[in-house]
Amino acid sequence: MLNKPDSSLRVVIADYRDPTQGEALLQLLNEYAMDPMGGGTPITAHTRANLLHSLANEPQAVTFLAELDGKYVGLANCFFGFSTFACAKLINIHDFAVSPGLRGQGIGQALMAAVENHAREHGCCKVTLEVLEGNKVAQRLYQRCGFAGYALDPEAGQAMFWDKKLN
């Protein structure tokens, strides 16, 4: 867990219209984007200018911010979805990041616990996420939190995440 015994870690649901939380979200997302596991490229000026307004107007969006000793140090951008097989809501973690230098101190686990609690409070059947094959550090965290790859039929293999860029 946290290395400093006097540390205060809390996780809050972000208010996209709060200037301090909004700037923290953008800064953390940019840190994540610039990390090799986030693509190694900063967020665009368009994203910086429009993301908070867009998220505030997206009813399925919820962002969790981890705050340690008065500074925001982690985030989980999530979206409610729906599982047709379970006929129930789900939460997908779209972005998940902890500031470099603070990883391995329990911040990721606290964020995951907050997401899971929120999902349970909203009647979700599961929490989903995607992780890069080479991101072993994140995979270990997700496994500790109970996540695993999935297959509907083991003979068909594990599910794969694909995308097609439209612009």
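Biologist: Quick one to start: which residue just after α3 takes a positive phi?
Modeller: That's Gly123, with a phi of about 70 degrees. Keep in mind that this is a predicted model.

Biologist: Thanks. While we're there, how many residues does α3 have, and how far does the helix reach?
Modeller: Helix α3 covers residues 107-121, which makes 15 residues. From first C-alpha to last it reaches 21 Å, close to the 21 Å expected at 1.5 Å a residue.

Biologist: And which residues of α3 are buried?
Modeller: Ile107, Gly108, Leu111, Met112, Ala114, Val115, His118 and Ala119. Looking down the axis of α3, these buried residues fall within an arc of 160 degrees, so they line one face of the helix.

Biologist: Why would spacing like that put residues on one side?
Modeller: An α-helix has 3.6 residues a turn, so residues three or four places apart point the same way.

Biologist: What do the buried residues of α3 pack against?
Modeller: They pack against β1, β2, β3, β4, β5 and α4, the last being residues 136-144. On the face turned away from the buried side you'll find the exposed residues Arg120 and Glu121.

Biologist: Let's switch to the sheet. What is the strand order?
Modeller: The order is β1-β2-β3-β4-β5, in an open sheet of five strands with mixed pairing. At the edges stand β1 and β5, each with a single partner strand, so one side of each is left without a neighbour in the sheet. On average, neighbouring strands are turned by 30 degrees against each other, direction ignored.

Biologist: Which way do β4 and β5 run, parallel or antiparallel?
Modeller: Parallel, with three bridges joining β4 to β5. Ile91 has Val127 as its bridge partner in β5, and Ile93 stands opposite Leu129 of β5.

Biologist: What about β3 and β4? How many bridges there?
Modeller: There are 10 bridges, and β3 and β4 pair in the antiparallel sense. Gly74 stands opposite Val98 in β4. The two strands form a hairpin with four residues between them, and Cys87 in that turn has a positive phi of about 50 degrees.

Biologist: Going the other way, how do β2 and β3 connect?
Modeller: Through a hairpin too, with two residues between β2 and β3; Asp69 in the turn has a positive phi of about 50 degrees. Eight bridges join β2 to β3, which run antiparallel, and Ala61 has Phe79 as its bridge partner in β3.

Biologist: And how do β1 and β2 pair?
Modeller: In the antiparallel sense, over five bridges. Leu68 in β2 is the bridge partner of Leu9.

Biologist: Is β2 mostly covered or mostly open?
Modeller: Mostly covered, as eight of its eight residues are buried. Ala61, Thr63, Leu65 and Glu67 point one way, Val62, Phe64, Ala66 and Leu68 point the other way, and all are buried.

Biologist: How many residues of β4 are buried?
Modeller: Eight of the 11, so β4 is largely enclosed by the rest of the structure.

Biologist: Now α1. Where does that helix sit on the sheet?
Modeller: Helix α1 packs on the sheet and touches β1, β2, β3 and β4; its direction makes about 85 degrees with that of β3. What covers its buried residues includes α2 (45-56) as well.

Biologist: What happens at the start of α1?
Modeller: A side-chain oxygen of Asp18 reaches to within 3.0 Å of the backbone nitrogen of Thr20.

Biologist: And Gln21 in that helix, buried or exposed?
Modeller: Gln21 counts as buried, at 12% relative accessibility. Leaving aside neighbours within four places in sequence, Gln21 is in contact with Val12, Ile13, Ala14, Asp15, Leu65 and Tyr72.

Biologist: Last topic, Ser99. Where is that one?
Modeller: Ser99 is in the loop between β4 and α3, and is buried with a relative accessible area of 5%. Not counting residues up to four places away in sequence, Ser99 touches Leu28, Glu31 and Val73.

Biologist: And Met160, buried or exposed?
Modeller: Exposed, with a relative accessible area of 62%. Met160 lies in the segment after α4, and its C-alpha is separated by 9.1 Å from that of Gly149, 11 residues apart along the chain.

Note on methods
Residues are numbered from 1 along each chain as its sequence is written. This is a predicted model: local features need pLDDT of at least 70, side-chain atom pairs count only at pLDDT 80 or more; totals for chains, interfaces and linings use all residues. Side-chain values use heavy atoms; hydrogens and water are left out. Contact means heavy atoms within 4.5 Å. A polar contact is a pair of N or O atoms within 3.5 Å; within protein, one must be able to donate a hydrogen and the other to accept it, and residues adjacent in sequence count only if both atoms are side-chain atoms. Two strands pair if DSSP finds at least two bridges between them. Axes are lines fitted to C-alpha atoms, for helices over the stretch in contact, and angles run from 0 to 180 degrees between N-to-C directions. The expected span of a helix is 1.5 Å times one less than its number of residues. Buried means under 20% relative accessible area, exposed over 50%, partly exposed in between (1.4 Å probe, protein chains only). The arc is that of the directions from the helix axis to the C-beta atoms.
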